[in-house]
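Student: I have a structure open and would like to go through it with you. Could we take it step by step?

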Amino acid sequence: MASSVAARTGYLQFRESSCSGQQLCGGQTSRISSISLKRCKPKDLSSSSNVSKILRFHKSGYSHSQIVKKLQYHKTMVTACLRDGSPNYFDFVVIGSGVAGLRYALEVAKHGTVAVITKAEPHESNTNYAQGGVSAVLCPLDSIESHMQDTIIAGAYLCDEETVRVVCTEGPDRIRELIAMGASFDHGEDGNLHLAREGGHSHHRIVHAADMTGREIERALLNAVVNDPNISVFEHHFAIDLLTSQDGPNTVCHGADILNTATKEVLRFISKVTLLASGGAGHIYPSTTNPPVATGDGIAMAHRAQAVISNMEFVQFHPTALADEGLPSGPSTMRENAFLITEAVRGDGGILYNLNMERFMPFYDERAELAPRDVVARSIDDQLKKRNEKYVLLDISHKPREEILSHFPNIAAECLQYGLDITSQPIPVVPAAHYMCGGVRAGLQGETNVEGLYVAGEVACTGLHGANRLASNSLLEALVFARRAVQPSIDHMKSSHYGGNAADYWERPTVPKSLGNNVLDKIIRRTSEVRKELQSIMWDYVGIVRSTTRLTTAEQRIGELELEWEAYLFQQGWEPTMVGLEACEMRNLFCCAKLVVSSALARHESRGLHYTTDFPDLEESKRIPTIIFPGSPLNNTWSSRQVHKQQIC
Amino acid sequence: MGASSRPKLSGLQKQVLALYREFLRAARAKSTEDRKQIELIVSEQFRRNLTQVDRKNFLYIEHLLRRGKHQLDQLKNPATIGLSSLNVKVSDVKHS
């Protein structure tokens with residue numbers, strides 16, 4: 001397994017070197033540009049082949065990519081079948097369709113073909129659930145230094161100062177670009193953007209669209225992406241593993257193996273540049289605000305591809321997620337993800353009470369409800385443990401009714417569905433896993449230690465958030481880094497070439513058709529049980545308040561659970577090269593869980609989100625990020641090896 | 001010059017209007033009588049949804065938008081000559 005070391009920060013050295021490889025043999029591989037995968041049956045096709053296999057070539061406007069030597073280039077409308085086995089060549093492959101992925105895709109589409117791979121519907125992303133807003137210095141009374149200071153203080157001084165400066169400085173321009181792309185944010189009576197306030201910010205600087213900012217941004221970006229002829233969106237396509245090779249001491253990324261979860265086919269995507277924008281891993285915990293797609297796929301794939309991972313111990317628990325137990329008539333089925341009650345409710349004057357209607361925050365922090373999230377989450381957690389209760393109450397009913405309904409229409413509507421009127425009653429809330437501050441270590445241009453692999457968004461650890469994320473900085477980070485990764489990606493794309501039989505270099509993953517439906521059902525059921533068990537281990541032992549013994553117990557139990565699960569799989573006939581959605585998600589969850597536990601064990605202090613009773617204080621000498629280097633290939637589990645590197649005995 | 005009395009449209013509202021305009025533009029490419037028929041059906045559908053769908057029901061509106069886009073793509077196909085819709089009325093039949 002990986003060794004975790006706390007190391008000094010340094011800028012990531014990105015070495016420019018083009019892929020050395022044989023030139024493409026002329027004529028054999030045709031590049032597919034601008035494919036649109038249509039769901040409906042086109043009228044002019046007479047063949048009865050599977051709709052998903054039918055692609056339509058569109059007229060390609062231009063190409064800047066360097067495919068050397070002759071190519072069969074289809075410039076007219078041609079219908080062709082996507083044969084199993086033929087790889088798809090794109091200049092850029094983007095994994096994830098949240099704000100980071102889409103923003104990047106829109107920009108690089110001006111320079112080459114782009115494939116956006118998303119494992120469910122494109123709008124299913126963490127971005128869509130972001131409520132509060134995007135923070136940026138847009139008020140003349142505000143300053144970049146103030147935003148920087150708020151960020152660094154919230155991050156418990158673990159932030160990388162250069163990164164913070166870059167993000168705070170470039171933020172306002174990114175927001176203006178979003179507005180130009182069609183995102184409509186709330187404006188105040190004076191006609192300017194309405195800037196809200198949130199916990200941890202010293203100024204009003206949150207740009208928002210009512211209480212569903214993420215949704216509005218996602219809508220605007222998706223609209224632009226759908227209308228862009230150079231971007232092909234592959235929905236219900238799950239990324240299995242990155243395709244990598246060794247070029248001396250460097251690892252190079254050439255694309256990814258993708259599973260079409262609708263047709264259960266494995267596709268190979270070869271690209272010069274890959275952007276990971278796959279989001280976080282909320283589902284390693286039982287209660288999370290993240291949608292079901294957040295299973296840490298990108299972090300796990302990057303780790304297996306020898307990328308450096310950083311700061312995984314800093315898991316942000318949002319202090320106020322709607323507690324279903326406290327609702328008058330709760331939802332009839334278990335929710336897949338908790339409903340978020342945004343920070344802005346506290347920013348607008350919401351007060352926290354325990355079930356005895358005592359206001360407890362002033363006892364924990366002088367900023368009371370406006371303290372940063374980790375303080376609030378720990379306080380609520382403490383109250384819940386002390387009083388042995390399931391939730392606390394957030395009351396905003398003392399504000400005027402019209403104001404509540406106009407600022408938080410979504411929350412009001414959601415609560416009303418279950419019989420709760422937030423204009424007259426307090427809201428039951430409980431902490432839930434919300435955001436991963438850590439992830440794949442990225443430099444200032446979103447570059448990683450793997451050549452050709454860039455990261456942006458929650459999956460990246462850029463050093464902006466440090467030990468705790470300031471509210472509304474996540475959308476900002478995604479926007480800024482997605483934009484910053486564009487130029488280096490284009491430069492890298494222009495200087496690299498496709499190798500000869502590149503696509504055949506790696507072993508092909510297979511689908512478990514041969515196992516039969518009964519066995520597959522058993523495997524899926526068992527995997528679902530194992531997932532729940534992993535989640536409860538994480539919540540009990542790697543939660544808001546930690547200790548060395550609990551963490552070591554977690555490490556041991558997770559290790560045992562993983563071996564047990566893999567043994568079960570292989571017993572049922574699962575081959576190491578087989579892939580399936582549930583199994584791949586499970587191995588990714590295991591990978592992320594282990595990364596979180598090792599990182600937590602490595603930090604011998606309490607800082608920001610990571611609080612451990614064995615080292616309850618801040619240690620100046622430990623004010624360095626936690627780095628996990630890729631592990632050695634020996635003595636590893638199925639989950640920690642890329643599918644195309646499995647040794648078949 | 002007084003302030004505009006019309007409230008500012010949200011991004012979602014603009015997207016719906018844009019889709020409506022696209023439908024009308026696509027209809028223009030068809031023959032005159034088909035065009036009238038298409039315009040009739042499209043405006044009737046949009047008007048119906050305007051009154052029946054709650055403006056806060058974002059999930060459903062987004063679903064309608066996606067469905068509308070697929071339908072628009074089909075309409076744009078030169079082989080498609082028109083739209084028609086069925087009104088299915090369910091009668092109350094009492095089973096004795």
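Student: About how much area does chain B expose, and what share of it do carbon and sulfur atoms supply?

Tutor: Before we start, this is a predicted model, where local features need pLDDT of at least 70, side-chain atom pairs count only at pLDDT 80 or more, and totals for chains, interfaces and linings use all residues. Residues are numbered from 1 along each chain as its sequence is written, chains are lettered from A and ligands numbered from 1 in the order in which they are written, and side-chain values use heavy atoms, leaving out hydrogens and water. Accessible areas come from the Shrake-Rupley method with a 1.4 Å probe, and for residues only the protein chains shown count as cover. For chain B the exposed area is about 7,700 Å², with carbon and sulfur atoms supplying 55%.

Student: Which secondary structure elements does chain B have?

Tutor: Helices (H or I, at least four residues) and strands (E, at least two) are DSSP runs, numbered from the N terminus. Read from the N terminus on, chain B runs α-α-α. The tally is 3 helices and 0 strands.

Student: What percentage of the residues of chain B count as buried?

Tutor: Buried means under 20% relative accessible area, exposed over 50%, and partly exposed in between (1.4 Å probe, protein chains only). Chain B has 96 residues, and the buried share is 24%.

Student: How many residues of chain B are in contact with chain A?

Tutor: A contact here means heavy atoms within 4.5 Å. On the chain A side, 17 residues take part, and on the chain B side the number is 16.

Student: Which residues meet in a salt bridge between the two chains?

Tutor: We look for a side-chain nitrogen of Lys or Arg within 4 Å of a carboxyl oxygen of Asp or Glu. Between chain B and chain A the count is 1 salt bridge. At 2.8 Å, N to O, the partners are Glu62(B) and Arg215(A).

Student: Which helix gives the most to the side of chain B that touches chain A?

Tutor: Helix H1 (11-28) and helix H3 (58-76) of chain B each supply at least two residues of that side. With 7 residues, the one giving the most is H3(B).

Student: In chain A, what do the buried residues of H3(A) pack against?

Tutor: Helix H3 of chain A covers residues 144-154, and its buried residues include His147(A), Met148(A) and Ile152(A). After H3(A) comes Ala156(A), with a positive phi near 55 degrees. The packing partners of the buried residues of H3(A) are strand E6 (134-135), helix H4 (161-180) and helix H12 (473-484) of chain A.
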